[in-house]
Amino acid sequence: MELSKADESRVIEMAWEDRTPFEAIEVEYGLNEQQVIMFMRRSLKISSFKLWRKRMHGRQTKHGSLRDPAVSRGYCSTQYKHR
């Protein structure tokens, strides 16, 4: 599957977001967790990739089945400022 530059940027953004589960990326872009990891490895500098992997390792909000039911949104209510 070929992604446009805008879609690639959005996948990277979603992967970095703490509250966006890998399942949401799969629904929207067809990339499962392993494919997201490979995509991030190809797209980021090695130091950025290592930082991302360290940050994502064991993060429960990145996996829909491990999420607390109280986390129902893909983003924090204070993350985006209304204009």
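**Packing of helices α3 and α4 in a predicted model**

On helix α3, the face turned away from the buried side carries the exposed residues Gln34, Arg41 and Arg42. The structure described here is a predicted model. The buried residues of α3, by contrast, are Val36, Ile37, Phe39 and Met40. These four residues cover an arc of only 165° around the axis, which puts them on the same side of α3. The buried residues of α3 pack against α1, α2 and α4.

The protein chain as a whole contains four helices and zero strands. Read from the N terminus, its elements follow the order α-α-α-α. The chain has 83 residues, of which 29% count as buried. The surface that the chain exposes comes to about 6000 Å², and carbon and sulfur atoms supply 52% of this area. Among contacts with a separation of 6 or more, 63% join residues that stand 24 or more positions apart.

Helix α4 spans residues 46-56, and its buried residues are Phe49, Trp52 and Met56. They cover an arc of only 65° around the axis and therefore lie on the same side of α4. An α-helix has 3.6 residues a turn, so residues three or four places apart point the same way. The face of α4 turned away from its buried side carries the exposed residues Ile46, Lys50, Leu51 and Lys54. The cover over the buried residues of α4 includes α1 (5-16), α2 (22-29) and α3 (33-43). Just after α4, glycine 58 adopts a positive phi of about 80°.

The packing of α3 and α4 was then examined. The two helices pack at an angle of about 150°, and their axes are 8 Å apart. Because angles over 145 degrees count as roughly antiparallel, α3 is described as roughly antiparallel to α4. On the α3 side, the contact is made by Val36, Ile37, Met40 and Arg41, while α4 contributes Phe49, Trp52 and Arg53. Of these residues, Val36, Ile37 and Met40 are among the buried residues of α3, whereas Arg41 is listed among the exposed residues on the face turned away from the buried side. Phe49 and Trp52 likewise belong to the buried residues of α4.

The model contains one aromatic pair. The rings of phenylalanine 49 and tryptophan 52 have their centres 6.0 Å apart and their planes at 40°, so the pair is tilted. Both residues lie in helix α4, three residues apart, which is about one turn of the helix. With a relative accessible area of 6%, phenylalanine 49 is buried. Tryptophan 52 is also buried, at a relative accessible area of 0%.

Leucine 44 is located in the loop between α3 and α4. This residue counts as buried because its relative accessible area is 17%, under the limit of 20%. When neighbours within four places in sequence are left aside, leucine 44 is in contact with Ile12, Trp16, Phe49 and Trp52. Both members of the aromatic pair, phenylalanine 49 and tryptophan 52, thus appear among the contacts of leucine 44. Leucine 44 and isoleucine 12 are 32 residues apart along the chain, and their C-alpha atoms are separated by 8.8 Å.

Arginine 55 is placed in helix α4. Its relative accessibility is 35%, so arginine 55 counts as partly exposed. Residues up to four places away in sequence not being counted, arginine 55 touches Trp16 and Asp18. Along the chain, arginine 55 and aspartate 18 are 37 residues apart, and the distance between their C-alpha atoms is 8.8 Å. Trp16 is thus a contact of arginine 55 and also of leucine 44.

How values were computed:
Residues numbered from 1 in each chain as written. Predicted model: local features only at pLDDT ≥ 70, side-chain atom pairs only at ≥ 80, totals over all residues. Heavy atoms only, no water. Buried < 20%, exposed > 50% of the residue type's maximum accessible area, 1.4 Å probe, protein only. Contact = heavy atoms within 4.5 Å. Areas by Shrake-Rupley, 256 points an atom, 1.4 Å probe, with all protein chains shown as cover. Arc of directions from axis to C-beta. Phe/Tyr/Trp six-rings, centres within 6.5 Å; stacked < 30°, edge-to-face > 60°. Axes fitted to C-alpha atoms, helices over the stretch in contact; angles between N-to-C directions. Parallel < 35°, antiparallel > 145°, perpendicular 65-115°, else oblique.
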